Amino acid sequence: MSRILESVSAFAARVTLARGRMSAAIALAAGALSALAMPPFSAWPVLFVTFPVAVWLIDGASGPSRWSSARAAAAIGFAFGFGYFLAGLWWIGSAFLVDADVFGWLLPFAVAGLPALLAIFHAAAFAFARLIWTPGCRRALAFAAALGLGELARGHVFTGFPWNSFGYALADQAWFGQFASVIGVEGLTYLALAIFAAPALLADPKPAKSYLVTALATLVALAGFGAARLAWSPAAFDEKMTVRVLQPEIPQDMKSQDSARDTIMDAYMALTDEAKDPRHRGFSDARLVVWPESAFPFMLSRTPDALARIGSSLAPGAALVTGSVRGERRPDESGEADFWNSIHVVGDDGSIRGTYDKIHLVPFGEYLPFQSALEAIGLEALTRQRGGFATGDRRAVIALPDGKRFRPLICYEAIFPEEVEGDQRPDFLLNVTNDAWFGRTPGPYQHAAQARVRTIEQGLPMVRSANGGISSIVDSHGRIVAAAKLGERRVVDALLPLPIESTVFVATHGLLHLAFPVVFLCLVFARRSRV
């Protein structure tokens, strides 16, 4: 054991003494390796190595003044964040290759630009951590509080982008993730930072055994809580609610071609009516059919023949929920129209029974920030929707013909815990998306995993249809009942899981996570006041 501690101390000393380009390179590598903790790899133990490296690098961030030390830490934080986001989000570049003649030249700017922008939050967090840095075990709490607040800001500033927040390293694991029902993924982020940073203390002259034991005990307690919660709550289903989810695997470039409208519609109808086995006979067997986001190269609300075809195929009292672009003329003399990325509920008579317009739009994908300036130089959103989509005006709970109610979430709305909040509690969550933009990359795995955590937080099941994957039906504890593989063309059949009682997360409006930075910072400053 002493040899191990000596090796850790020697390695920590080299990291701490690194300067300039060497410290930046180490931070970049540590950040990139941290991305392995996210799906599809889910190698969460790697954080036991990379977070201590980050702590040691902040130890070594020094200068002639307190503020110069903070600037040095900011540079390290930027390198760490850039490595993390570059390794974890490189797949975003795939979307620019769908229409490469128009958008291909933007690929390197997107692949490097987004990580650089997001890394600013890590830079600020590392700088703040250095400003409150305290020798001993409390510097691990300073690291957890500062970077946790940085991650919180990343999830909310400028519409927010909480993709791959560090809490998902725990939330993606069956047992660890159950505590999201209490503190949400944002609370798990603080715990992950505090727990995985603990090995940094092994290099101290007098390692804080109490902190190390507490970190390990917390991890064990999380696993115990999750194992007990799952064991005591077997999956339960509505025996009358059969669900059929479509994963059509339509090529993304084909979905923008008007000439392909009949081909796509025929493919949707044929696959939905496919008889998988004697228990699942297609349209006639399903009470709820779900198709993915932006399913057609036409507006369903303006295509009565398509609506009639759907209605005549549904069983009496059944419904089909699908994504579709929706458009309306403006009530003025301009003659212009607004368009929305929407969800429609179609009844067995072919009528639209309910509609939801997406609220949380994707920057540069569905709308252009600084629109007039960027369009003046010829840029447009990836959707090729001139002017971008309009924003929906309200979150909704939509009722199906049989009275079941669902909360619609379009695309990446499912990664925002607050998007699920509302005055009415639905029976289930419904997420439609079109991850075919990103092909067979880590992106769809990450998206599906993050959407799944909403079921644990809310205690609600989720029905998820993705054009290229990953489509699934998930129960109220985050257990996958049925799912298609990425890139697989198929239907997913299952009974609808039942909701459970409202969780602590819901009862507290997801605010318990704010206790962690308060407690961590109080402990840090209490120590500083005695030094």
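Here are some notes on a predicted model, covering one helix, two cavities and a sheet.

1. Start with helix H3, which runs over residues 47–60 and has 14 residues. From first C-alpha to last, H3 reaches 20 Å, close to the 20 Å expected at 1.5 Å a residue.

2. H3 is largely enclosed by the rest of the structure, because eleven of its 14 residues are buried. Counting as buried anything under 20% relative accessible area, the set opens with Leu47, Thr50, Phe51 and Pro52. It goes on through Val53, Ala54, Val55, Trp56, Leu57 and Ile58, and Gly60 completes the list. For background, an α-helix has 3.6 residues a turn, so residues three or four places apart point the same way.

3. Now the empty space. How many cavities of 30 Å³ or more are there? The count comes to two. The largest cavity holds about 140 Å³, and the second largest has a volume of about 40 Å³.

4. If you want to find the largest cavity on screen, centre on Glu151, Leu152, Pro162, Ser165 and Glu186, which lie nearest its centre among the 17 lining residues. Helices H7 (138–154) and H9 (180–196) each supply at least two residues of that lining. H9 has the largest share, with four residues.

5. What is the makeup of the lining of the largest cavity: how many nonpolar, polar and charged residues? Eight are nonpolar, six polar and three charged.

6. The second largest cavity is lined by Met38, Pro39, Asn164, Tyr168, Asp172, Gln446, Ala449 and Gln450. Helix H14 (residues 442–458) gives the largest share of this lining, three residues. By type, the lining of the second largest cavity splits into four nonpolar, three polar and one charged.

7. On to the sheet. Six strands make up an open sheet with mixed pairing, and the order is S6-S7-S8-S9-S10-S11. Strands S6 (398–399) and S11 (480–483) stand at the edges with a single partner strand each, so one side of each is left without a neighbour in the sheet.

8. Within that sheet, take a look at S9 (residues 462–466) and S10 (residues 472–474): they run antiparallel and are joined by three bridges. Which residue of S10 is the bridge partner of Met462? That is Val474.

Technical notes
Residues are numbered from 1 along each chain as its sequence is written. This is a predicted model: local features need pLDDT of at least 70, side-chain atom pairs count only at pLDDT 80 or more; totals for chains, interfaces and linings use all residues. Side-chain values use heavy atoms; hydrogens and water are left out. The expected span of a helix is 1.5 Å times one less than its number of residues. Buried means under 20% relative accessible area, exposed over 50%, partly exposed in between (1.4 Å probe, protein chains only). On a 1 Å grid over the protein atoms alone, a cavity is a set of points where a 1.4 Å probe fits but cannot get out, and a pocket is an open set with protein on both sides within 12 Å along at least five of seven lines; lining residues have an atom within 4 Å of a point. Grid points are joined across faces, edges and corners, and a volume is the space filled by probe spheres set on the points. Ala, Val, Leu, Ile, Met, Phe, Trp, Tyr, Cys and Pro count as nonpolar, Asp, Glu, Lys and Arg as charged, and the others, Gly among them, as polar. Two strands pair if DSSP finds at least two bridges between them.
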